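Reader: I'm new to this structure and would like a close look at just one part of it, the nonpolar core. Could you walk me through it and what sits around it?

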Amino acid sequence: MCRSIKTLRPPTTPEVTDEDIRAAALQYVRKVSGFRAPAAHNREVFDQAVDAVAAATQELLDGLQIRGSATRRFTHS
């Protein structure tokens with residue numbers, strides 16, 4: 001859907017930062033909402049959506065099991 005969002009799971013991206021997750025969430029919300037920068041009256045709901053998508057992304061990455069990995073769960077830096 002949004003080609004500028006990069007894959008964040010190992011081994012494609014070995015080290016993922018909170019900033020990487022936030023940037024992906026921001027790109028997703030921008031794409032879905034159609035706003036690059038929302039108007040002031042939409043800012044709060046826009047920011048809440050970015051936070052929710054970032055949290056869901058972190059939960060997904062934390063729960064993924066990567067084949068051939070020594071650890072069962074992925075942790076970000």
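**A look at the core**

Author: Let's start with the core itself: the largest nonpolar core is made of 10 residues, namely Leu-8, Val-16, Ile-21, Ala-24, Ala-25, Val-29, Phe-46, Val-50, Ala-54 and Leu-61. Two elements, α1 and α2, each give two or more residues to this core. Keep in mind that what you're looking at is a predicted model.

Now for the setting. The protein chain's secondary structure comes to two helices and zero strands. Of the 77 residues in the protein chain, 23% are buried. If you take the contacts between residues at least 6 apart in sequence, 51% of them join residues at least 24 apart.

So how do the helices meet? Helix α1 covers residues 18-33 and helix α2 covers residues 40-63, and the two pack at an angle of about 125°, their axes 8 Å apart. That angle is over 115 but not over 145 degrees, and α1 and α2 are therefore oblique to each other. The crossing of α1 past α2 is right-handed. On the α1 side, the contact is made by Asp-18, Ile-21, Arg-22, Ala-25, Leu-26, Tyr-28, Val-29, Arg-30 and Ser-33. On the α2 side, the residues are Phe-46, Ala-49, Val-50, Asp-51, Val-53, Ala-54, Thr-57, Gln-58 and Leu-61. Sort the residues of this contact by type and you get 11 nonpolar, three polar and four charged.

Let's zoom in on a few residues, beginning with Ala-24, a member of the core. You'll find Ala-24 in helix α1. Its relative accessibility is 14%, and because buried means under 20%, Ala-24 counts as buried. Leaving aside residues up to four places away in sequence, Ala-24 touches Ile-5 and Leu-8. Leu-8 is itself one of the core residues. There's also a long hop along the chain to look at here: Ala-24 and Val-53 are 29 residues apart along the chain, and their C-alpha atoms are separated by 8.7 Å.

Next comes Val-16, another residue of the core. Val-16 sits in the segment before α1. With a relative accessible area of 0%, Val-16 is buried. Follow the chain 45 residues from Val-16 and you reach Leu-61, with 9.6 Å separating the two C-alpha atoms. Leu-61 is listed in the core too, and Leu-61 also takes part in the contact of α2 with α1.

Then there's Thr-57, which lies in helix α2. At 18% relative accessibility, Thr-57 counts as buried as well. Again not counting residues up to four places away in sequence, Thr-57 touches Leu-8 and Ile-21. Both Leu-8 and Ile-21 belong to the core, and Thr-57 is among the α2 residues that make the contact with α1.

For contrast, try Leu-60. Leu-60 is in helix α2, but Leu-60 is exposed, with a relative accessible area of 52%. Leu-60 and Arg-9 are 51 residues apart in sequence, while C-alpha to C-alpha they are 9.5 Å apart in space.

To pull the picture together: α1 and α2 each bring two or more residues to the core, Val-16 comes from the segment before α1, and Leu-8 is touched by both Ala-24 and Thr-57.

How values were computed
Residues numbered from 1 in each chain as written. Predicted model: local features only at pLDDT ≥ 70, side-chain atom pairs only at ≥ 80, totals over all residues. Heavy atoms only, no water. Axes fitted to C-alpha atoms, helices over the stretch in contact; angles between N-to-C directions. Helix = DSSP H or I, 4+ residues; strand = E, 2+ residues; numbered from the N terminus. Parallel < 35°, antiparallel > 145°, perpendicular 65-115°, else oblique. Left-handed = near helix turned anticlockwise from the far one by under 90°. Contact = heavy atoms within 4.5 Å. Nonpolar A, V, L, I, M, F, W, Y, C, P; charged D, E, K, R; others polar. Core = buried A, V, L, I, M, F, W, Y, C linked by side-chain atoms within 4.5 Å. Buried < 20%, exposed > 50% of the residue type's maximum accessible area, 1.4 Å probe, protein only.
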